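The report below is meant for a reader meeting this structure without earlier acquaintance. It goes through selected helices, loops and contacts in turn.

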Amino acid sequence: MSDLDELYQSVILDHNKSPRNFRKLADASAHAEGRNPLCGDVYDVWVRLDGDVIQDVSFEGQGCAISKASASMMTQAIKGKTIAEARTLFDRFHEVVTGAASGALPGKLEVFRGVSAFPIRIKCATLSWHALKAALENQKS
Amino acid sequence: MTPLAAPPPRESRTGRSGPVWDVARVRADFPILQREIRGHPLVYLDSAATAQKPRQVIEAVSRYYETGNANVHRGVHALSQEATTEYERVRHLAARFFNAADPSEIIYTAGTTASLNLVAQSYGGSVLQPGDEILISEMEHHSNIIPWHLIAERTGAVIRSIPVMESGGLDLAELERRLGPRTRIVAVTHASNVMGAINPINAIAAMAHEVGAVVVVDGAQSAPHLRVDLQAIDCDFFACSGHKLYGPTGIGLLYGKRALLDAMPPWQGGGGMIREVQIDRSSYAAPPERFEAGTPPIAEVVGLGAALDYVTAWDWEALVGYEQELAAEATQALATVPGLRIMGEGADRVSVLSFTLEGVHPHDAGTVLDTLGIAVRAGHHCAQPLMRRFGVTATLRASFGAYSTEAEVGKLVDGLLQVRKVFG
């Protein structure tokens with residue numbers, strides 16, 4: 001598979017066209033905005049917690065296929081997880097897309113491995129994850 | 001070896017006849033054009049971000065470090081004198097190239113951004129009073145916006161805008177209406193870094209001078225594409241960068257009319273810009289030295305000199321005609337890509353153009369093009385007010401230079417069709 005085919009796999013194109021959990025969360029317990037000043041992409045991420053568990057998570061905003069698909073698949077991956085589990089997943093996702101670690105990403109997130117061949121696009125893939133992390137931190141304080 | 005494009009035909013498709021630009025000969029001077037990117041010959045369409053460098057510039061910088069390195073205006077030794085002579089020769093060369101009235105009107109800076117900050121801080125800082133107005137156009141690069149924000153905050157001056165029309169041109173009628181007795185500064189770009197739109201500086205200067213305002217021109221994008229005649233366009237300040245004019249990074253120019261420079265205070269203090277220094281006060285050298293504190297970027301000035309020597313030898317009528325034709329052909333060819341929209345298509349333009357592809361984010365398109373060896377810029381191009389004006393967050397930008405070819409325009413279009421294939 002070429003770098004290009006690996007980056008734009010059909011699952012990424014699908015999530016770009018039909019992002020999941022793409023809505024505002026009315027009764028959110030935490031929210032943060034992720035902004036990439038380099039390209040102007042901006043996403044809002046909302047989470048609703050039940051104790052330590054991420055009961056629901058959603059996002060809205062606009063940006064490239066990588067950032068949108070990443071946000072969409074992130075919401076699917078962390079729904080029902082605890083805050084600690086989401087953090088661990090963020091760290092794992094970050095180290096794989098930056099090329100700092102090898103090994104597989106859990107489930108469908110594996111499609112983002114291809115991003116490591118395009119260093120300038122790493123920020124696109126991690127934008128919503130950083131927003132999620134900020135939202136969870138805001139919530140704590 | 002990368003195959004070179006055939007030289008342009010004498011009688012072109014667009015019917016232009018005139019001096020012929022020998023693009024193959026120019027390409028042979030640029031070593032980087034032999035590179036391959038991801039298995040494809042490099043198609044460099046990002047000259048508006050920075051131009052590639054000819055061998056002549058690269059070798060001049062190496063030669064300086066290998067055989068001529070010394071500080072300027074300091075030593076009595078031979079090397080320092082040689083460096084000083086070359087440093088001042090380049091100033092004369094720049095004054096001649098841009099047709100300044102005198103070499104002392106040319107100040108070396110780090111680049112266009114530094115030049116514009118210098119004008120804002122020194123000129124703006126000394127003349128602006130609370131309520132005075134600075135007019136800036138909606139198509140400015142952030143480097144001709146933020147320096148004015150900074151000085152307006154400090155002085156209490158007010159920023160007003162000059163609107164951009166749908167065609168991509170400046171609304172000159174609106175500019176005339178917004179000029180008034182409080183207008184002190186009109187800051188406009190000579191050519192838009194996004195759309196390539198050329199602004200009629202001469203007409204703008206006439207209007208501004210009528211109300212006693214000065215005109216500050218961002219020439220970063222015009223200097224590489226137009227034969228700029230500073231006395232003819234009659235602006236008061238003009239800023240440009242060496243690296244977009246086939247020279248090194250880290251060196252730029254600020255032109256200012258001598259009478260204005262004479263009245264301006266220094267921007268930065270340090271060595272080389274003084275007349276006399278006491279422990280509690282100092283007096284300053286005349287322009288241009290007054291504005292060149294510290295050891296300047298000497299190797300970069302030497303490289304800029306080589307670039308100016310190189311481009312001064314060009315047949316500019318042929319180059320301008322060639323680039324105009326490339327831009328026209330690109331405009332026509334891009335129109336065949338489904339869903340592609342060019343921004344500001346109606347204006348007179350240098351060979352820089354921005355476009356959007358319906359349903360595809362510019363960064364995704366840029367990445368697909370990159371896998372084909374095609375370098376374009378994707379993003380807001382440091383021109384967020386212009387993006388807002390046209391209701392987009394980002395565009396793709398293809399910009400051409402003296403070494404760009406028709407074949408490369410074809411590759412760009414093929415690449416964009418491939419983008420369409422990936423994203424539907």
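Just after helix H14 of chain B, Gly424(B) takes a positive phi of about 75°. Here helices (H or I, at least four residues) and strands (E, at least two) are DSSP runs, numbered from the N terminus. The model is a predicted one, in which local features need pLDDT of at least 70 and side-chain atom pairs count only at pLDDT 80 or more, while totals for chains, interfaces and linings use all residues. Residues are numbered from 1 along each chain as its sequence is written, and chains are lettered from A and ligands numbered from 1 in the order in which they are written.

H14(B) itself has 18 residues and reaches 26 Å from its first C-alpha to its last, close to the 26 Å expected at 1.5 Å a residue; the expected span is 1.5 Å times one less than the number of residues in the helix. Its buried residues are Glu406(B), Glu408(B), Val409(B), Leu412(B), Gly415(B), Leu416(B), Val419(B) and Phe423(B). A residue is called buried if 20 or more other C-beta atoms lie within 10 Å of its own, exposed if 12 or fewer, and partly exposed in between, with the C-beta atoms placed from the backbone.

H14(B) also takes part in the contact between the chains, since H14 (406-423) and H12 (362-371) are the elements that give two or more residues to the side of chain B that touches chain A. The contact takes 13 residues from chain B and 15 residues from chain A, where two residues are in contact if their C-beta atoms, placed from the backbone, lie within 7 Å. On the side of chain B, H12(B) gives the most, with five residues. The residues on that side divide into four nonpolar, seven polar and two charged, counting Ala, Val, Leu, Ile, Met, Phe, Trp, Tyr, Cys and Pro as nonpolar, Asp, Glu, Lys and Arg as charged, and the others, Gly among them, as polar.

Helix H3 of chain B, residues 78-97, has 20 residues and reaches 28 Å from its first C-alpha to its last, close to the 28 Å expected at 1.5 Å a residue. Within H3(B), Ala83(B), Val90(B), Arg91(B), Ala94(B) and Phe97(B) are buried. Seen down the axis of H3(B), these buried residues fall within an arc of 135°, so they line one face of the helix; the arc is that of the directions from the helix axis to the C-beta atoms. They pack against helix H2 (55-68), strand E4 (106-109), strand E10 (252-256) and helix H10 (298-312) of chain B, whereas the face turned away from the buried side carries the exposed residues Ala78(B) and Thr85(B).

Which residue with a positive phi follows H3(B)? That residue is Asn99(B), with phi near 55°, and it lies in the loop between H3 and E4 of chain B. The table sets Asn99(B) beside His381(B), whose phi is also a positive value in a residue other than glycine.

| Residue | Phi | Loop | C-beta neighbours inside 10 Å | Class |
|---|---|---|---|---|
| Asn99(B) | near 55° | between H3 and E4 of chain B | 14 | partly exposed |
| His381(B) | near 55° | between E16 (377-379) and H13 (384-389) of chain B | 24 | buried |

Another loop of chain B, between strand E12 (282-284) and H10, holds Ala286(B). With 12 C-beta neighbours inside 10 Å, Ala286(B) counts as exposed. Pro288(B) lies in the loop between E12 and H10 of chain B, and a cis peptide bond, with omega about 5°, joins Pro287(B) and Pro288(B).

In chain A, the axes of helix H2 (residues 10-17) and helix H3 (residues 65-78) come within 8 Å and cross at roughly 85°. That makes H2(A) roughly perpendicular to H3(A), a term for angles of 65 to 115 degrees, where under 35 counts as roughly parallel, over 145 as roughly antiparallel and the rest as oblique. The axes are lines fitted to C-alpha atoms, for helices over the stretch in contact, and the angles run from 0 to 180 degrees between N-to-C directions. H2(A) makes the contact through Ile12(A), Leu13(A), His15(A) and Asn16(A), and H3(A) through Ala65(A), Ile66(A), Lys68(A), Ala69(A), Ser72(A) and Met73(A). These residues divide into six nonpolar, three polar and one charged.

Arg20(A) is placed in the loop between H2 and strand E1 (30-36) of chain A. Not counting residues up to four places away in sequence, Arg20(A) touches His15(A), Ser72(A), Thr75(A) and Gln76(A).
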